[in-house]
Amino acid sequence: HFKLYTKSVTNEYTTMGGGGQKIHRNSAARTISSSSSSSSSFSPSNTKKMGIMKKSSGSGAGSHHPNGKGIGKRLCDYLKRNNLDLVLIGIILACYHASAVHAESPDHDGSGDDSGHGDDGGNHTTTSTSDGGGGHGSGHGSGQHEMTEHEIAEEGHHAVKAVFFPWFAEIIGVFGYYVVSRFAHQVPYTALMFVVGASIGASVNSYELNHLATNDVVESAMTWLGINGEVILLVFLPGLLYLDSFNIDVHLFTQSFPQLLTFAFPMVLAGTTLTALVARFIFPYGWSFDLCMTFGSILAATDPVAVAVLLNELGAPPRLKIHVSGESLLNDGSAVVFFNIFSKRFFYEIGVEGFGKNIGWVEGFLTFLQLSLGGMCIGIAFGAGLLVILYNLNRRLSGEDSVVQVVATIATAYLVFFTSEIICHCSGIIAVVFTGVVVKAFGERMYNDPHLSHHFWEITEYLLNTLLFTLGGCLWGATISNFDGKDWGFLFMLFALVIVIRFFLVFAFYPVTANIGIGSSWREAVFMAYGGLRGAVGIALGLVLFSETVHFTAASEVSEETRKEFVLYTEKVFGMVGGIALLTLVINAPTCGPLLKALGIITPTETRKKVVENYREHMVHSTLVDFVRLLTEERFQDTDFTVVKQHVSFLRDITYEQLMVAVKKHEDSTPASSYKKPNLKNVIPYLWKGDVADGYANDTPRPADVRSRKDLKLDRSKSVRAIREPKVNRGTVFDFKIRYDDHESRVQEERLVFLKILHSAYHHLTHSGELYDRGNLVNYIFHSLAIAEDHAEAGEPLSDWDAMNVFVDSHRKRTENFLVRAIARVVNYDLDFYLVHFRVRQILAFIHAHEAARKIFKTEFSQAGHGSLTEAEKVVLDESQMEVQLAEGALEELLEEDVAMVKSLLLCHIVLNKAADYFKKLASQGLMSGKEAGEFLEHIEDEISHILSTKEMDHSAELSNTIKQARLSQVPMDPELMQGLLSEDYGPNAL
């Protein structure tokens with residue numbers, strides 16, 4: 001567009017200034033060689049050479065004033081130095097382009113439509129010549145030239161809208177994933193996206209049939225539905241296949257390779273033939289035998305994505321997993337090989353010159369060898385080349401090397417597919433598969449960051465699957481709108497016959513596959529037969545067949561009747577392929593789990609049950625040690641164990657003996673210099689009941705020293721009043737003009753270093769679960785740090801406490817508005833509790849982060865190791881201590897029982913996150929299956945959600961100090977530990 005419209009601007013006059021002066025430009029486009037040449041081209045001497053006539057026009061041109069001239073010159077110099085003059089030229093050209101298209105569109109709507117949708121099938125010409133082009137002279141101002149510009153504008157307009165559809169599909173996929181993962185876990189995500197695409201395709205078809213005004217979604221989808229077939233393969237298949245091939249177990253793959261070859265080649269060819277016979281002799285569509293074989297080869301490609309996920313979740317045997325995944329990888333390649341052979345024969349039937357080929361049986365066999373063996377050799381060669389690249393990018397401490405390794409991987413995956421499929425005319429799928437297997441076998445340990453590569457490919461697979469199934473669904477939705485009752489009947493009959501054929505093939509080859517490789521069982525054979533889903537590769541091949549038929553028949557000289565006939569054939573083929581893919585995903589995939597259990601393949605043995613139970617017991621002991629370690633910290637000295645038992649289910653049944661073992665483990669694992677005794681005075685009374693000699697049973701009414709909920713609620717109002725009156729000078733927090741006289745410049749630098757450490761400390765709190773990372777509090781904390789950094793750069797002392805209080809106070813005011821109060825009363829929600837809970841969590845996080853930051857600052861960033869602190873370091877540490885004292889003062893103003901309650905909830909949150917980390921580690925190490933770990937993690941997630949949604953502080957189950965002291969006095973333990981437990985709080989004065 002830039003070249004076209006700069007040429008049209010050439011030798012035209014444009015008005016400049018306010019006096020009506022005109023400039024004649026010799027060329028509207030210019031080449032920028034350097035900033036100096038760019039500046040000289042607009043100098044006064046050059047403007048004279050260009051023929052610019054300067055005229056005085058009185059007051060009409062303000063630039064003639066000396067001051068105005070100086071300002072204008074400086075402005076022009078600034079624009080030229082920053083190449084902003086090019087931006088202005090682009091804006092002018094864009095405006096000219098828009099106005100030209102707007103002026104031409106009323107006169108050329110009909111011609112533009114004809115030129116864009118003529119018999120050439122959408123292949124637009126971009127030249128200004130035509131059949132009578134000789135009489136148009138130079139073409140400037142002619143109708144044909146104007147029509148060509150409009151055509152190019154329309155093509156560009158559609159190209160822009162084409163960008164919209166894939167990202168529209170991805171955002172719909174996000175919502176679809178949420179629905180499936182939360183409410184319909186058994187339904188495959190790809191099946192949902194196929195249905196979504198089908199609804200879009202039906203809408204597109206309705207718009208076309210009824211000649212309705214289209215919208216952006218419809219126009220963008222129509223653009224993608226006309227995509228070239230080879231582009232579909234090149235875009236989707238490499239990204240979808242590489243991750244599957246890299247994730248395969250190489251050891252089992254090599255051992256079971258004879259079985260996989262049997263599954264992939266003889267069985268695929270037999271399945272293709274049987275399916276073709278069904279289409280040839282049962283379907284009434286009059287398809288040729290070559291089209292039927294093409295149809296059979298498309299349906300021969302299986303997609304194990306949904307089944308593979310299920311097998312990993314349920315912990316299926318490795319042999320079954322390698323059979324399912326390995327068969328899919330190789331039979332995808334063989335199905336495409338057969339598709340290439342028979343589709344060429346079908347295209348030859350159409351009669352388009354250069355389209356298709358009459359391949360004989362001998363040539364077909366040689367072509368098969370070329371495609372398969374050639375693809376394998378190319379894949380191995382590219383895999384070896386990628387290994388060399390990965391080996392040389394060996395800086396494991398460099399993040400850039402890790403990123404470049406991932407870039408090399410994806411580039412190799414797409415290049416090997418293009419080289420094999422397009423340049424060498426071999427199988428691109430087989431080439432990608434063997435590239436992935438070679439890299440997995442010899443280069444897995446060469447990745448500097450394996451997690452980065454794995455996560456990148458997972459994202460790529462998710463994006464491509466979403467777009468492919470949505471796109472396939474669009475075409476299928478437009479196709480089935482022409483289905484009648486008979487077509488639907490044949491579709492369901494085909495679905496049943498495909499399953500029957502699959503069972504027949506698996507058991508026909510079972511005597512062979514059960515006795516070679518790693519063997520098999522009849523139960524595994526039943527599951528493989530039932531779990532042979534159709535998906536991504538079949539959808540892609542169906543799209544290729546349809547799009548290439550439409551494209552080549554439209555661009556050829558075949559009759560309109562012949563063109564419509566073959567397009568209808570391939571459209572019906574894709575309708576059947578899409579229907580089978582949807583039915584297998586909706587019916588077979590959700591029922592594979594129950595089938596596995598019914599066959600007894602994944603039924604856990606008694607030994608496995610004991611192993612999982614041992615894992616749970618180890619988790620309880622490990623978490624109990626973490627619980628004891630937390631009790632050594634000052635902030636958790638007054639923890640209420642009743643809250644812990646209420647919110648952490650696996651700590652409800654712990655015994656006194658288990659607690660003592662955890663205390664001993666903590667002591668043994670902690671250096672003597674840093675060991676602190678845990679404060680168990682609020683824990684042991686709940687575990688040691690003795691003979692209830694204290695005179696209080698569990699059902700005894702609460703003594704007077706445990707206050708009622710009503711009394712606590714009345715006293716909580718004092719805490720709320722303290723929260724409403726924060727001690728902060730709001731007027732100076734955001735005043736950046738204030739400057740403090742700081743004689744030591746290093747103090748400013750030390751403050752900035754400390755704030756960076758504090759920033760890292762808050763991040764650690766979020767990762768460990770001590771600070772909930774999805775709430776407003778985290779945002780306020782990091783916003784306050786940003787304000788504190790601005791103040792520190794201005795020479796001011798640390799002020800993150802005041803800055804945080806400003807944000808928190810604003811949040812409190814929004815929470816207490818009339819509307820929120822009214823809603824809280826309706827739903828019976830205690831807003832006072834929420835404010836106190838929010839305030840305590842804020843203060844605890846602030847204090848703990850500052851304490852951690854001071855510790856790191858002393859040990860790693862200061863000169864304390866040389867004997868003493870510098871004055872600058874002392875100033876920063878003193879400022880941090882003053883900030884903590886302000887926070888502690890605010891905490892003392894709150895109700896003691898409520899503070900203890902929130903601290904107990906915080907401890908529960910930390911303990912549950914540590915338990916979750918334990919199961920995640922087991923799952924990552926392969927010691928637990930995804931389903932086994934998922935059950936525990938789901939339960940832990942529910943308990944964390946219950947903590948975060950707690951609506952009131954209930955202290956009714958807490959023991960009185962009298963009962964605690966009575967029970968502690970009965971506990972037989974080490975005298976030194978007893979002395980630590982029987983603190984003065986429970987001494988004679990308390991009794």
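Right after helix 33, G795 takes a positive phi of about 90°. That's one local detail in a predicted model of a 991-residue chain. The chain has 41 helices and 2 strands, and its pLDDT averages 75, with 71% of the residues at 70 or above. Here's the rundown.

**Helix 33 and what's around it**
- Helix 33 runs over residues 776-793, so to speak 18 residues in all, and spans 26 Å from first to last C-alpha, close to the 26 Å expected at 1.5 Å a residue.
- Its buried residues are L777, V778, Y780, I781, F782, S784, L785, I787, A788, E789, H791 and A792.
- That list takes in E789 and H791 alongside residues such as F782 and L785.
- A bit further along the sequence from G795, E796 has a C-alpha 7.9 Å from that of Q748, with the two positions 48 residues apart in numbering.
- Q748 itself is found in helix 32, residues 745-768.
- Q748 counts as partly exposed because its relative accessible area is 27%, between the 20% and 50% cut-offs.

**Nonpolar cores**
- The largest nonpolar core has 143 residues, and the ones with the most contacts inside it are Y242, F283, W287, F295, L320, L494 and F527.
- Helix 25 (residues 560-599) gives the most to this core, putting in 17 residues.
- Take F283 as an example: leaving out residues up to four places away in sequence, F283 touches V278, F295, F490, M493, L494 and M576.
- There's also a second, separate core of 88 residues, and among its members are L631, W801, V876 and V884.

**Whole-chain numbers**
- Buried residues make up 48% of the chain.
- The accessible surface comes to about 49000 Å², and carbon and sulfur atoms account for 58% of that.
- Of the contacts with a separation of 6 or more, 80% link residues that are 24 or more positions apart.

**Cysteines**
- The disulfide count is 0, going by sulfur atoms within 2.5 Å.
- C474 is buried, since its relative accessibility of 1% is under 20%.
- C592 is buried too, with a relative accessible area of 0%.

**A buried lysine**
- K903 lies in helix 38, which covers residues 896-924.
- Is K903 buried or exposed? K903 counts as buried, because its 10% relative accessibility falls under the 20% cut-off.
- Setting aside neighbours within four places in sequence, K903 is in contact with R635, F636, D638 and L844.

**An unusual backbone angle**
- Most residues other than glycine have a negative phi.
- H425 is not a glycine, yet H425 has a positive phi of about 55°.
- You'll find H425 in the loop between helix 18 (399-423) and helix 19 (428-443).
- H425 counts as exposed, because its relative accessibility is 51% and the cut-off is over 50%.

**Where to go easy**
- Over residues 691-706 the pLDDT stays under 50, and the model has 25 contacts for this stretch beyond four places in sequence.
- Residues 975-991 also have a pLDDT below 50, with 23 contacts in the model beyond near neighbours in sequence.
- Where pLDDT is low, the predicted coordinates should not be read in detail.

Technical notes:
Residues numbered from 1 in each chain as written. Predicted model: local features only at pLDDT ≥ 70, side-chain atom pairs only at ≥ 80, totals over all residues. Heavy atoms only, no water. pLDDT = per-residue confidence, 0-100. Contact = heavy atoms within 4.5 Å. Helix = DSSP H or I, 4+ residues; strand = E, 2+ residues; numbered from the N terminus. Expected span 1.5 Å × (residues − 1). Buried < 20%, exposed > 50% of the residue type's maximum accessible area, 1.4 Å probe, protein only. Core = buried A, V, L, I, M, F, W, Y, C linked by side-chain atoms within 4.5 Å. Areas by Shrake-Rupley, 256 points an atom, 1.4 Å probe, with all protein chains shown as cover.
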